[in-house]
Amino acid sequence: MTRVLLVDDQPLLRRSLAMIIGSDPALEVAGEAADGTEAVVRARATRPDVVLMDVRMPHLDGLEATRRICADPALSGTRVLVLSMFELDEYVWQALHAGASGFLLKDARPEDLIEAIHRTAEGVSLFAPSILTRLVTHYVGTPRPGRPGTAPGGLTAREVEVLTLVGGGLSNDEIATALVISVKTVKTHITHLLAKLAARDRAQLVIAAFDAGLVRPRG
């Protein structure tokens, strides 16, 4: 059973989300919160598998609440899926750096939301398709002055290759084809990368590849 904490300042929307989650026998609502401050308190009290987090809320916004939840060692098993009406780039970047595992728009279909919760609980990063496209374009296409272009220490040559391709937005199947290795081997390398870089999920590997200068700007 995957336990989900619902965080949104609109009671009607929380009720709707609870109904959608309740339609899947493998999901359970662990609690609700109406703002970011309450979200942190409720997360610590209920230890949910996934926090479904709104962005714009009173008192404490969802981005700062995400940052606090993801930084709490007691909540290391909790992942945050940001749910927003807004497709603004700044929200995506801030959510990623705050530790969110995914970013989904509120116009998503109910079945997409359920799948997103399951995938987030399994540690698979999930983004709305339009956001994922822009995410990769941003990281690959935006030059950053002073980037070192040096891989993080402690990685093997093959792990650096895999990290670079992950940063370029390639799937496991595409990485396997590019490196002429099996998908199972790719998954093993990614597991090692997550452990060595203390990353929660694939989204943070993209950040690591970009910040290390492994993903070069286009043009």
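**Figure 1. Helices H7 and H9 cross at roughly 90°.** In this predicted model, the axes of helix H7 (residues 157-167) and helix H9 (residues 183-196) come within 10 Å. With an angle in the range of 65 to 115 degrees counted as roughly perpendicular, H7 and H9 are therefore roughly perpendicular to each other. H7 contributes Arg158, Glu159, Val162, Leu163 and Val166 to the contact. From H9 come His189, Ile190, His192, Leu193 and Lys196. By residue type, the contact of H7 with H9 holds five nonpolar, two polar and three charged residues.

**Figure 2. Glu161 of helix H7 and Leu214.** Glu161 is a residue of helix H7. Its relative accessible area is 37%, so Glu161 is partly exposed. Between Glu161 and Leu214 the C-alpha to C-alpha distance is 8.9 Å, although the two are 53 residues apart in sequence.

**Figure 3. Helix H10 and the residue Gly213.** How many of the 10 residues of helix H10 (residues 202-211) are buried? Eight are, so H10 is largely enclosed by the rest of the structure. The buried residues of H10 are Ala203, Gln204, Leu205 and Val206, followed by Ile207, Ala208, Ala209 and Phe210. Gly213, just after H10, has a positive phi of about 80°.

**Figure 4. Surroundings of Asp54, a position annotated in UniProt.** An unreviewed UniProt entry places the feature "modified residue: 4-aspartylphosphate" at Asp54. Asp54 sits in the loop that runs between strand E3 (50-53) and helix H3 (62-71). Is Asp54 buried or exposed? Its relative accessibility is 6%, and buried means under 20%, so Asp54 counts as buried. Leaving aside residues up to four places away in sequence, Asp54 touches Val7, Asp8 and Asp9, as well as Gly62, Leu83 and Lys106.

**Figure 5. The salt bridge between Lys106 and Asp54.** The side chains of Lys106 and Asp54 meet at 3.2 Å, N to O. Lys106 lies in the loop between strand E5 (102-105) and helix H5 (110-121), and Asp54 in the loop between E3 and H3, so the pair ties together parts that are 52 residues apart in sequence. Lys106 counts as partly exposed because its relative accessibility is 23%, whereas Asp54 counts as buried at 6%. The salt bridges form a network that links Asp8, Asp54 and Lys106.

**Figure 6. The salt bridge between Glu32 and Arg14.** A salt bridge joins the side chains of Glu32 and Arg14, with an N to O distance of 3.0 Å. This pair links distant parts of the chain, with Glu32 in strand E2 (residues 27-33) and Arg14 in helix H1 (residues 11-22), 18 residues apart. Which of the two partners is buried? Arg14 counts as buried because its relative accessibility is 12%, while Glu32, at 31%, counts as partly exposed.

**Figure 7. The salt bridge between Glu64 and Arg67 in helix H3.** The side chains of Glu64 and Arg67 meet at 2.7 Å, N to O. Both residues belong to helix H3, and because they are three residues apart, about one helical turn separates them. Glu64 has a relative accessible area of 24% and is therefore partly exposed. Arg67 is also partly exposed, with a relative accessible area of 33%.

**Figure 8. Thr2 in strand E1.** Strand E1 (residues 2-7) includes Thr2. Thr2 counts as buried because its relative accessibility is 14%. Which residues does Thr2 touch, not counting those up to four places away in sequence? They are Ala26, Leu27, Glu28, Asp49, Val50, Ile117 and Ala121.

**Figure 9. The whole chain, for orientation.** The chain has 10 helices and six strands. Of its 219 residues, 47% count as buried. Among contacts in the chain with a separation of 6 or more, 67% are between residues 24 or more positions apart. The whole structure contains 11 salt bridges, among them the pair Lys106 and Asp54.

Key: Residues numbered from 1 in each chain as written. Predicted model: local features only at pLDDT ≥ 70, side-chain atom pairs only at ≥ 80, totals over all residues. Heavy atoms only, no water. UniProt positions renumbered as here; feature names shortened; annotations may be inferred. Helix = DSSP H or I, 4+ residues; strand = E, 2+ residues; numbered from the N terminus. Buried < 20%, exposed > 50% of the residue type's maximum accessible area, 1.4 Å probe, protein only. Contact = heavy atoms within 4.5 Å. Axes fitted to C-alpha atoms, helices over the stretch in contact; angles between N-to-C directions. Parallel < 35°, antiparallel > 145°, perpendicular 65-115°, else oblique. Nonpolar A, V, L, I, M, F, W, Y, C, P; charged D, E, K, R; others polar. Salt bridge = Lys/Arg side-chain N within 4 Å of Asp/Glu carboxyl O.
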